[in-house]
Amino acid sequence: MQDNSFKYSYSAREQEEINQIVKKYIPAEEADSAVQEIKKIDRRVTGRANAAGITAGIIGVLILGFGMSCVLVWQDTLFAAGVVIGIIGIAVAAAAYPFYKNILKRERKKAAPEILRLAKKAENSGEAENENLK
């Protein structure tokens with residue numbers, strides 16, 4: 001008797017995509033969850049610093065633009081004020097990077113104990129796995 005059923009095998013790329021989708025539904029091991037938590041905390045810390053730095057830079061550039069508008073559009077009445085406003089905008093925009101670094105340093109200091117605790121937890125889980133393999 002001849003088997004006339006249709007068989008289809010996925011390509012390597014499709015198989016990898018399927019495996020990644022399946023991984024989302026399989027419960028993660030403790031070490032994996034600790035590593036994921038560390039990554040999540042790190043993203044949160046850098047994200048807050050990025051948001052603060054970008055916001056400061058944008059505000060500075062907007063202030064600079066307003067100062068330039070005062071100089072160019074209302075040069076008869078607001079020339080001096082426009083120059084002062086523009087200089088303030090340049091100062092705020094220039095301070096954005098040091099502001100970012102300061103926020104990043106502060107956030108990392110706050111997150112350090114939790115990251116170190118999770119790193120130790122992940123390390124201990126890895127050692128336990130190695131013992132089970134022996």
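How exposed or buried is Arg117, taken by its relative accessibility? At 44% relative accessibility, Arg117 counts as partly exposed, and this residue returns below in the view of its salt bridge with Glu114. The legends that follow describe a predicted model.

**Figure 1. Overview of the protein chain, a predicted model with four helices and zero strands.** Read along the sequence, the elements of the protein chain follow the pattern α-α-α-α. The helices named in these legends include α2, which covers residues 30-73, α3, which covers residues 79-94, and α4, which covers residues 96-133. Of the 134 residues in the protein chain, 19% are buried, and the chain exposes about 10800 Å², of which carbon and sulfur atoms supply 60%. When contacts between residues at least 6 apart in sequence are considered, 77% of them join residues at least 24 apart.

**Figure 2. Close-up of the largest nonpolar core, which is made up of eleven residues.** The members of this core are Ala34, Ile41, Val45, Ala49, Ala52, Tyr100, Ile103, Leu104, Ala111, Leu118 and Ala122. Helices α2 and α4 each supply at least two residues of the core, and α4 gives the most to it, with six residues. Tyr100, one of the core residues, touches Ala49, Asn50 and Gly53 when residues up to four places away in sequence are not counted. Of these partners of Tyr100, Ala49 is itself listed among the members of the core.

**Figure 3. Close-up of the salt bridge between Arg48 and Glu107.** The closest N and O atoms of Arg48 and Glu107 are 3.2 Å apart, and the pair links distant parts of the chain, with Arg48 in helix α2 and Glu107 in helix α4, 59 residues apart. The two partners fall into separate accessibility classes: Arg48 counts as partly exposed because its relative accessibility is 43%, whereas Glu107 is buried because its relative accessible area is 8%, which is under the 20% limit for a buried residue. Leaving aside neighbours within four places in sequence, Glu107 is in contact with Val45 as well as with Arg48, and Val45 also belongs to the largest nonpolar core.

**Figure 4. Close-up of the salt bridge between Lys110 and Glu107 within helix α4.** The side chains of Lys110 and Glu107 meet with an N to O distance of 3.4 Å, and the two residues lie three residues apart in helix α4, about one turn of the helix. Lys110 counts as exposed because its relative accessibility is 56%, while its partner Glu107 is buried, with a relative accessible area of 8%.

**Figure 5. Close-up of the salt bridge between Glu114 and Arg117, with the network formed by other charged residues.** The closest N and O atoms of Glu114 and Arg117 are 2.6 Å apart. Because Glu114 and Arg117 are three residues apart in helix α4, they are separated by about one helical turn. Both residues count as partly exposed, Glu114 at 32% relative accessibility and Arg117 at 44%. Elsewhere, salt bridges that share partners join Arg48, Glu107 and Lys110 into one network. The count of salt bridges comes to three.

**Figure 6. Close-up of a nonpolar surface patch that includes Phe66 and Met68.** The patch has an area of about 620 Å² and is made by Phe66, Met68, Leu72, Val73, Trp74 and Leu78. Phe66 is found in helix α2 and counts as partly exposed because its relative accessibility is 46%, a value that lies over the 30% relative accessible area asked of residues in a patch.

**Figure 7. Close-up of Ile87 in helix α3, shown together with Met68.** Ile87 has its place in helix α3 and counts as exposed because its relative accessibility is 53%, just as an exposed residue is one over 50%. The C-alpha atoms of Ile87 and Met68 are separated by 9.8 Å, and the two residues are 19 residues apart along the chain. Met68 is also one of the residues that make the nonpolar surface patch of the preceding view.

How values were computed. Residues numbered from 1 in each chain as written. Predicted model: local features only at pLDDT ≥ 70, side-chain atom pairs only at ≥ 80, totals over all residues. Heavy atoms only, no water. Patch = residues over 30% accessible without salt bridge, like charges linked within 9 Å, V, L, I, M, F, W, Y side chains within 5 Å. Areas by Shrake-Rupley, 256 points an atom, 1.4 Å probe, with all protein chains shown as cover. Salt bridge = Lys/Arg side-chain N within 4 Å of Asp/Glu carboxyl O. Buried < 20%, exposed > 50% of the residue type's maximum accessible area, 1.4 Å probe, protein only. Core = buried A, V, L, I, M, F, W, Y, C linked by side-chain atoms within 4.5 Å. Contact = heavy atoms within 4.5 Å.
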